[in-house]
Amino acid sequence: MAAPAVIFLAGLFVLPVGQFLLGSLFDPAFTLKHYERLAESRAFLVVIENTVRISATVTLASLLLGYPVAFRITTFNPRLAALTLLALVLSVWISLLVRNYAWMVLLGREGLLSAGLLRFGLIDQKQSFLYNEFAVILAMTHVLLPFMVIPIVAAMRSIDPSLIRAAEGMGARPLAVLRRVVFPLSLPGAATGCVLVFILALGFFVTPAIIGGRGQIMVAMLIEGEVNEQLNWGYAAAYATTLLVLTLAIFAVFHRRFGMQRLWGGATK
Amino acid sequence: MASSDRRDRREFLKATAGAVALTAMGKAVPAIAQSKTIVFNDSGGASAEAGKVAFGDPFEAQTGVKVKITAPAQVAKLKAMVQARNVEWDVAELVSQEHRLAIREGLIQKLDKTVVDVSHLTPDSHDDYSVVFGFYSTAMGYNRQKTGDGKRPKNWQEFWDAKAFPGRRALRNHPVDNLEFALLADGVPADKIYPIDLDRAFKSLDRIKQHVAVWWKDGAQPAQMLLDGEVDFTSGWHGRFFALAMAGEKRIGVEWTGGMLKRSWVGVPVGAPNPKEAMQLIALMVQPKNSAKYAEGISYICGDPRAYDYLPDKVKEWVVTNPSIKSRMVLADEDWWLENAERAQQRWNDWIAS
């Protein structure tokens, strides 16, 4: 049943990507020179650290902001819930570049944030909030939030209502129901959201490139340079493979703890 | 319930099949009736618009062959296409040292000099494989409103001097041009810049590192940042400043001294579908009148000095082959960059990330 999908994926995804990644080891003869060069690169370690740090912060921010939003959505009537979710999904369809430039306008020296803080006397002259970690995390969280909210909503909706009724029947007050029934059962959804956001964040290029400063250089920017300008595809593949291995390692940890089927919204049992 | 579902599905499939058939037919008919189309891949944006007026439309008027302009100019995509033997472009723009890279990797074919007349082109604007269709530059832009002519750096040495010339600065997040600017700032005379002493360049860059507020990546950023008041002085590709100036924007000023004179080339990819027409288009691109028309749109012009004479005066002030501008600039050495780009980039990445 899954055979056509597997063939499709294998032919159009695994094979081309695999061919590119193998270029890091074969140039065309077998060689380790790209990985040797990677090991010697000071920039690479710094950039990997930036990438992981920024992705982790974005994930945390998305979780803190997204969890309450998801919860609130589950308390809406079906129509309002559908509209809210639609709004979230629509935001994903808007061009990433447009959204990033919008942040540049808002956070810039002559932007809304600067003007607002000036008006309320919180700063004494116009200031730019761009080209730093704050801007990058803000913009990336803005883009990735839907990927946190939707899995949590899905997890919360799949909680058996009879469990809640049982808790209430046993005398639990609303706060206790939340704390002891809803929250623990929503955790796998939160975990799914975290993994999705983290992995998507790892590969980000546009946002750190145009809103970030020197300290926000992420791996995808280095890969882009090697692919597009140096035409050194073997070296780019070495970068990419390392990032992929890192991502797979995270997947492995997630799978051990929660089970891979969670990501697909599969059965919790 | 089930039977009506089946009927609906059949209706749906019929409608879809009909639509697909119509589309297929629609595509087939024009292919028979229409004339040939060749593809010119260039940087896009203002360049594509100027290119359509200066090259595409005249070419179609002369030969009946349509020119489809695609973007962006990416030598990586060219390499992938040539390797896969599935080349979509007939004429490809190659920016600066990418053109040498393309020649070295065997991606473009030799020019047909019986079709392309190079006899009037300056020696630095053509070789066996390609011609320069746009001299452009990286120059210094500043916000005229904020600094006027008073306290602004007039060369790279002054740009490097944050004390004497206070103001927020921006430079590109890339070694290209910055290494040369760093050496100029360090007092190296223009004719002694190449081969670039990397150690000296990076030591010079160390002095300015803390004063650079923004390391721009996107070509549109410099002008935008000057207009937003984000920075006061920045390097930038002058064509962007030109476009704004021609649109009436008076706030951006350009300092040409110490700017890097760069070249954008065109060539015919190996395996291009229509090489004959491609060569004809290239021949047209270095015709003085057409090149001047292109420059009116984007201020980039070819290496034929006669083209300069066709320009309106206000454009002459922006074209880098203008003798008063060219004499103040440094011609970028594409061969040095071909050999050293990788090393320079690695060093730059290490330097900028730390």
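This is a short chat about the predicted model shown above.

Me: Start with chain B. How many helices and strands are in chain B?
Reply: There are 16 helices and 10 strands in chain B.

Me: And what percentage of chain B is buried?
Reply: Of its 354 residues, 47% are buried.

Me: What about contacts with a separation of 6 or more in chain B? What share comes from residues 24 or more positions apart?
Reply: Those residues account for 72% of such contacts.

Me: On to the interface. How many residues of each chain are in contact with the other chain?
Reply: On chain B, 23 residues. They contact 21 residues of chain A.

Me: Which elements of chain B each supply at least two residues to that side?
Reply: Three helices and one strand are listed: H3 (75–84), H9 (221–228) and H16 (334–353), plus strand S7 (212–216).

Me: Which one gives the most?
Reply: H16(B), with 8 residues.

Me: How do the residues on that side of chain B divide by type?
Reply: 9 are nonpolar, 7 are polar and 7 are charged.

Me: Back to H9(B). Which residues are buried there?
Reply: Gln221(B), Pro222(B) and Ala223(B) are buried. Met225(B) and Leu226(B) are buried too. H9(B) also supplies at least two residues of the side that touches chain A.

Me: What follows H9(B)?
Reply: Gly229(B) does. Its phi is positive, near 80°.

Me: New topic: strand S3 of chain B. How many of its residues are buried?
Reply: S3(B) spans residues 91–95, and 4 of its 5 residues are buried. The strand is mostly covered.

Me: How does S3(B) run against S1(B), parallel or antiparallel?
Reply: Parallel. 2 bridges join S3(B) to S1(B), which covers residues 37–41. Asn41(B) has Ala92(B) as its bridge partner in S3(B).

Me: And against S9(B), parallel or antiparallel?
Reply: Antiparallel. S9(B) covers residues 252–269, and 4 bridges join S3(B) to it.

Me: What is the bridge partner of Leu94(B) in S9(B)?
Reply: Trp265(B).

Me: Now chain A. Where is the kink in H1(A) centred?
Reply: On Ala10(A). The kink is about 40°, in a helix of residues 3–22.

Me: How many residues of H1(A) are buried?
Reply: The count is 0 among its 20 residues. H1(A) is hardly covered, whereas S3(B) is mostly covered.

Methods:
Residues are numbered from 1 along each chain as its sequence is written. Chains are lettered from A and ligands numbered from 1 in the order in which they are written. This is a predicted model: local features need pLDDT of at least 70, side-chain atom pairs count only at pLDDT 80 or more; totals for chains, interfaces and linings use all residues. Two residues are in contact if their C-beta atoms, placed from the backbone, lie within 7 Å. Helices (H or I, at least four residues) and strands (E, at least two) are DSSP runs, numbered from the N terminus. Ala, Val, Leu, Ile, Met, Phe, Trp, Tyr, Cys and Pro count as nonpolar, Asp, Glu, Lys and Arg as charged, and the others, Gly among them, as polar. A residue is buried if 20 or more other C-beta atoms lie within 10 Å of its own, exposed if 12 or fewer, and partly exposed in between; C-beta atoms are placed from the backbone. Two strands pair if DSSP finds at least two bridges between them. The bend at a residue is the angle between axes fitted to the seven residues ending there and the seven starting there.
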